[in-house]
Amino acid sequence: MKVVAAEDAAPAGRRHGRRGRLAWLLAVLALLAAAGGVSIGVGTREVSLPDILNGVQGRTDTLAEAVVAVRVPRTILAALAGGALGLAGAVMQGVTRNPLADPGILGVNAGAGLAVVIGIAWFGLTGTLAFVWTAILGAGLAAAFVYAVGSLGRGGATPLKLALAGAATSIAASSFTTAIVLPRGDIAGGVRSWQVGGVGGATYDAILPCLPFLLAGLSLSLASARGLNLLALGDEAAAGLGARVAWARAGAALGAVLLCGGTTAICGPIGFVGLVVPHLCRLLVGVDHRWLLPFAALTGAILLIAADILGRIVARPSEMDVGIVTAFVGAPVFVWIVRQRRVREL
Amino acid sequence: MTEAASLPLAARIAAGRRARTRSRRRIAGLLAAVLAAGGALTLMVGQSVTPAMDVMRVLAGQDVPGAGFTIRELRLPRAVLAVLAGMSFGLGGVVFQTMLRNPLASPDIIGISSGASAAAVVAIVVLGWSGAAVSGVAIIAGLVVAAAIYLLALKDGLSGARMILVGIGISAMLDSLIAYVLLGAPSWTLQDALRWLTGSTNGVTLDQAVPISCALLVFGGLLIGLRRNLDAMRLGDDAAAALGVRLTRDRALIVLSAVGLIAVATAVTGPIAFIAFLSGPIATAIAGPGRPALMPAALVGAMLVLVGDYAGQHLLPARVPVGVVTGAIGAPYLLYLIVRSHGQGGR
């Protein structure tokens, strides 16, 4: 009964039959595999197929094999980060019922960055695990703050107010970050990684501690799919259909915060992935979150791997950080979404 | 009171207008005096205190051992550039806010400052230009970005909300362009990066004051001359046209002047965060409602940069550029405006 209601809420969902969605799923998986393969094979240095096979197995005898061995964790990190950000974006757009929600635009990434910098500068934090905890704390605080500011006043949380609150919070956070880092020559070198996100220096040692958080965020987010479908009907209707609105919203938001914090702790702030991916996926599979969320994760992974490849190709022999590529791809999409008169209601 | 009431209506209006003009002039004079006092203080008090007489003698061109270098090379350029840049930002900002009838539509929020800054960074770091060429490129880029934002926001009429959102997206893109150019630069320093991302007066020299002064004279003069038309535009396009404003020409001139002011100042100090956004509302709060407070806004902008720069240099535990200080002050005000806003549309 409730499932039917959720489908009714999304008439567009009917256009996307089960068969069509399965076909898209296969296509997306194939694309992900292809992107991963290209990411390992293509880069500043050209390598041959045997080198690639040896390098993937972990051999580092020749330079080419060593290059490939470095690209593997980088590709894995890009896939993880992209998937996490895409999923987080879809969840945030559902929770705030706001087509412009994105961890970067809403200032969540900036909050995570500020928290980590404070942790390093004032509390002497070291080690990825400590960074992840701090980043998640910062992301959570920033998300709660921006949402609170955006929903105060009459009219509730409109896209404009949330985006402005996010922009203001980002500027304030980066001001504080700068003020903390500037006098500390010992940590100022690391500030670069807090201005632009990248996946260049990925190692398994850095990825591993974040995995539990990403997994927890993933399960929480996927588990909230049904709740998000109900929330899409509006709070009253959702409550009438038996959803515990506050709990559904809090659970989903916690999942998104875990994903953003975990990602930002390794990669630094990467914007616009969470904005672009859900809109793309809604075109492919409709607005049912049970399909949308997994698709957002997969598509996000593809997008970030592709952006990373692009960054390696366009700036040869140097590299362009992936956070810059996503901003250039994402900002036009952002403007396009703003220009749509009827942004599809969430 | 009764005497005033018995006067003919026209005379009463004229008297009220004269009184308002007088009070405006008084306020502007007061602000200018405060600004002059602030400027004098920043010349006298720094790491060490220089007596006022010594400052006067240095400014008069005499050689004062111990103080000459500090004042002529360090304090004076900073103070002069802070005042000039602050005036440019304040004036440019209040013009945009008035014309678009929205305190959020200031050039630093809708991305015009980022456009000028990005162009300046590319010109300086990549092309190795300097001086007037940089200012020129910054003005052109500012105008292009302004036109792009305007056109992108134009759909079934112009909506302020859409313009602001488009501007947020565009400035995110331009900021990442700035970061990319700077991070890829061979001699990358944090100070350079900060200048172009948040604005700073570190390392300015007096000859950099020349382009800003010229811009203030030309564009500022133009804006002051057009302020009645700007005032009329607040009533809406139809009413303004009925009052004799040549909308297309005047609007183009006003946008050109405001963007020119912002861009030339940005090409020297970087986009000092939130000055354009803060000056107008503060000036209106001081000067009261009525005609757009152009001169007060310029003076308030100068004051904000001067004080922010001084605080960043001497009052805080660490030395930080002025943009960091004003960013930390301006963001809460922006949040306050959002909370107070009466939910007028998100699309």
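These notebook entries record what I looked up on cysteines and on one helix pair in a predicted model.

**Entry 1: cysteines**

I first searched for disulfides over all chains and obtained a count of zero. I then examined C210(A), which takes part in no disulfide. The nearest cysteine sulfur to that of C210(A) belongs to C267(A), 8.2 Å away. I asked why C267(A) has no bond to C210(A). The sulfur of C267(A) has its closest cysteine sulfur in C210(A), but 8.2 Å is too far for a bond, because a disulfide requires the two sulfur atoms within 2.5 Å.

I next looked up whether each cysteine is buried or exposed. C210(A) has 0% relative accessibility and therefore counts as buried. C267(A) has a relative accessible area of 3% and is buried, since the limit for that class is under 20%.

**Entry 2: helices α4(B) and α14(B)**

I turned to chain B and selected helix α4, residues 68-100, and helix α14, residues 294-315. Their axes come within 6 Å and cross at roughly 135°. This angle makes α4(B) oblique to α14(B). I noted the crossing of α4(B) past α14(B) as right-handed.

I then listed the residues that make the contact. On α4(B) they include R78(B), A82(B), G86(B), M87(B), G90(B) and V94(B). On α14(B) they include L294(B), A298(B), G301(B), V305(B), D309(B) and Q313(B).

How do the residues of this contact divide into nonpolar, polar and charged? I recorded 14 nonpolar, four polar and two charged residues for the contact of α4(B) with α14(B).

Methods
Residues are numbered from 1 along each chain as its sequence is written. Chains are lettered from A and ligands numbered from 1 in the order in which they are written. This is a predicted model: local features need pLDDT of at least 70, side-chain atom pairs count only at pLDDT 80 or more; totals for chains, interfaces and linings use all residues. Side-chain values use heavy atoms; hydrogens and water are left out. Buried means under 20% relative accessible area, exposed over 50%, partly exposed in between (1.4 Å probe, protein chains only). Axes are lines fitted to C-alpha atoms, for helices over the stretch in contact, and angles run from 0 to 180 degrees between N-to-C directions. Helices (H or I, at least four residues) and strands (E, at least two) are DSSP runs, numbered from the N terminus. Angles under 35 degrees count as roughly parallel, over 145 as roughly antiparallel, 65 to 115 as roughly perpendicular and the rest as oblique. A crossing is left-handed if the near helix is turned anticlockwise from the far one by less than a right angle, and right-handed if clockwise. Contact means heavy atoms within 4.5 Å. Ala, Val, Leu, Ile, Met, Phe, Trp, Tyr, Cys and Pro count as nonpolar, Asp, Glu, Lys and Arg as charged, and the others, Gly among them, as polar.
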